[in-house]
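Colleague: I should like to learn how to read the features of a model, beginning with burial and ending with the aromatic rings. May we take them in turn?

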Amino acid sequence: MSFKIDRGLFKYDFIDHHAVLCVLVDADVKEIRKRYLKIARRLHPDSSFTESDAQKQLGNELLSKLVNPAYEKLSGDRTRAEYILILSQIGKRLVQESTSVILNTDLGKQLADTANIDHFYKSAIAKLAQTQYDSLEQALQVIAQISELNLVYLMRSGGKASAPPPPSPQPKVQSGTSEPNTPKNTPPAPAKEDSIVEQYVRRAQSLIDKNQFTQAKVELQDALKLEPKNSRCHSLIAMVYLRQNQLKMAKIHFDNALKLDPNDEIALQWKPKIDKALGQQLSDHKVTSSPNNRDKQPDKSGSGGLFGGLFGGKKK
């Protein structure tokens, strides 16, 4: 399906990623990530909002063709800096061509005439964000409307757009010393922003630590849908299945983890134990199915069963 938009900044052969995510043109990475997570959950095929097959397909296409590329562009330091530079150039061009710009929406016209530009712009974007993807069929029209607001804002603010600060120069090491010549109390470098999959993994790990395995499995399943070749996700979800005593599912994901990363520590540690437990399970089944042993049952107690044996006894 083709997603063609010919209004707002899109008219200038420019993909308005801010409009796709419905964030301000000077939004920081934290705000962009928060907005992306909300949209991604809304458009995910398993979302309760996308009940029909057609809705699921449309939501998935919007996510893969518009939303994911927008987040990738705006979340990376280098790609975002390049994008903001182009956006600023378009803004300066709009200032020179303001008399020839044609506006199609009431919000765009109101922003062009209002005295309080920043307040009106922020309020309008925040309101549109609440319902941007409620109707998937109308999503492109809403994006076009947002892009027109971005166009007017850039035009009236003189092409102002926010770019990440340039990297600090590396401190020079003075001759004959081993310590860099840096001023005292230099603030630490900002932490690198986590990717969407890393956020799922972090939440899942926290849930596993709290023995909330069902919720952890949901987080990891969502992560694997976005990044199916992530060995860490496979290892963690294998541990969840193991904790739920679903040994066959655990084995499948441990196998996948090792195929993707033969040095995966979790998989290397637990895969042999799973294989041994499944072998013992098969052996017990053969013994209990024998005519002479039908009345005998394998020990499934917390201390001697498969689950208890693997984890050193049932926790009190």
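Modeller: Let us begin with burial. This is a predicted model, and 41% of the 316 residues in the chain count as buried.

Colleague: What does the chain expose, and how much of that do carbon and sulfur atoms supply?

Modeller: The exposed area of the chain is about 19,000 Å². Carbon and sulfur atoms supply 51% of that area.

Colleague: How many helices and how many strands are there in the chain?

Modeller: The chain has 13 helices and zero strands. Read from the N terminus on, its elements run α-α-α-α-α-α-α-α-α-α-α-α-α.

Colleague: Which share of the contacts between residues at least 6 apart in sequence joins residues at least 24 apart?

Modeller: Among those contacts in the chain, the share is 66%.

Colleague: How is a pair of aromatic rings described?

Modeller: One states the distance of the centres and the angle of the planes. In this structure there are three aromatic pairs. For one of them, the centres of the Y36 and Y71 rings are 4.2 Å apart and the planes lie at 10°, so this pair is stacked.

Colleague: Where in the chain do Y36 and Y71 lie?

Modeller: Y36 belongs to helix α2 (residues 29-43) and Y71 to helix α3 (residues 53-75). The two are 35 residues apart, and their pair links distant parts of the chain.

Colleague: Are Y36 and Y71 buried or exposed?

Modeller: Both Y36 and Y71 are buried.

Colleague: Which charged end sits over the ring of W270?

Modeller: That of K273, which lies 4.4 Å from the centre of the W270 ring.

Note on methods: Residues numbered from 1 in each chain as written. Predicted model: local features only at pLDDT ≥ 70, side-chain atom pairs only at ≥ 80, totals over all residues. Heavy atoms only, no water. Phe/Tyr/Trp six-rings, centres within 6.5 Å; stacked < 30°, edge-to-face > 60°. Helix = DSSP H or I, 4+ residues; strand = E, 2+ residues; numbered from the N terminus. Buried < 20%, exposed > 50% of the residue type's maximum accessible area, 1.4 Å probe, protein only. Lys NZ or Arg CZ within 6 Å of the ring centre and 35° of its normal. Contact = heavy atoms within 4.5 Å. Areas by Shrake-Rupley, 256 points an atom, 1.4 Å probe, with all protein chains shown as cover.
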